[in-house]
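Reader: I have the model open beside me. Could you take me through the words used to describe it?

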Amino acid sequence: MKKGKVLGKGQLAVGVMVIALAAAIWLNTKYMPSSTKYLGEASYVSAEADTETAADTKTQDYFATAKAERNKTLKSAIETVEETLKNDKLTDKDKQSALKKIEAIADTMTREANIEALLKAKGFEKAVAIIGANGINIIVKSDGLTTANTMQIQDIVTNESGIDLSKIKIIPTK
């Protein structure tokens with residue numbers, strides 16, 4: 001080390017990096033929404049109504065309507081495939097393809113029903129599972145979910161569906 005030199009180039013570079021890191025952390029905490037400040041904590045979509053009575057009625061109607069609409073859509077898809085199967089001009093390959101579609105729909109319905117039943121058994125009074133091409137949405141009646149609740153839901157969904165955690169969306173509603 002030369003006489004009279006207090007800081008070297010390397011020490012100066014490390015000092016600048018430490019200051020930049022501190023500034024990045026400060027900016028991140030200042031501008032990050034408070035609901036996502038903890039690593040691993042889930043963020044939720046809120047569906048709140050103006051009054052509790054209206055919210056309760058709306059929630060009850062929502063769960064019943066969502067399940068009825070889902071079942072109606074799936075039954076319609078099965079009927080369409082069954083009508084296709086009745087066509088005499090289909091090849092064996094086309095019939096096998098149609099049967100695979102029916103099996104896939106039935107499998108989806110079974111997985112959704114199993115997830116809903118397990119969620120109810122774990123204490124979630126009302127729940128709807130909707131499996132789509134890009135993942136799964138879980139709507140649960142709750143005044144607020146804890147991290148433990150979220151982990152229970154994620155565990156049930158991954159065990160029953162095999163869907164990756166990144167493709168699970170949990171939506172609590174009142």
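Reader: What covers the buried residues of α4?

Author: Happy to help! The cover includes α3 (92-121), β2 (135-141) and β3 (168-173). These helices (H or I, at least four residues) and strands (E, at least two) are DSSP runs, numbered from the N terminus. This is a predicted model, where local features need pLDDT of at least 70 and side-chain atom pairs count only at pLDDT 80 or more, while totals for chains, interfaces and linings use all residues. Residues are numbered from 1 along each chain as its sequence is written, and side-chain values use heavy atoms, leaving out hydrogens and water.

Reader: Which residues of α4 are buried?

Author: T150, I153, I156, V157 and S161. Buried means under 20% relative accessible area, exposed over 50%, partly exposed in between (1.4 Å probe, protein chains only).

Reader: What puts those residues on the same side of α4?

Author: They cover an arc of only 130 degrees around the axis, so they share one side of α4. The arc is that of the directions from the helix axis to the C-beta atoms. On the other side of α4, M151 and N159 are exposed.

Reader: Why is A129 called buried?

Author: A129 lies in strand β1. Its relative accessible area is 0%, and the cut-off for buried is under 20%, so A129 is buried.

Reader: What does A129 touch?

Author: Counting contact as heavy atoms within 4.5 Å, and leaving aside residues up to four places away in sequence, A129 touches R70, E112, I115, E116, I136, N137 and I138.
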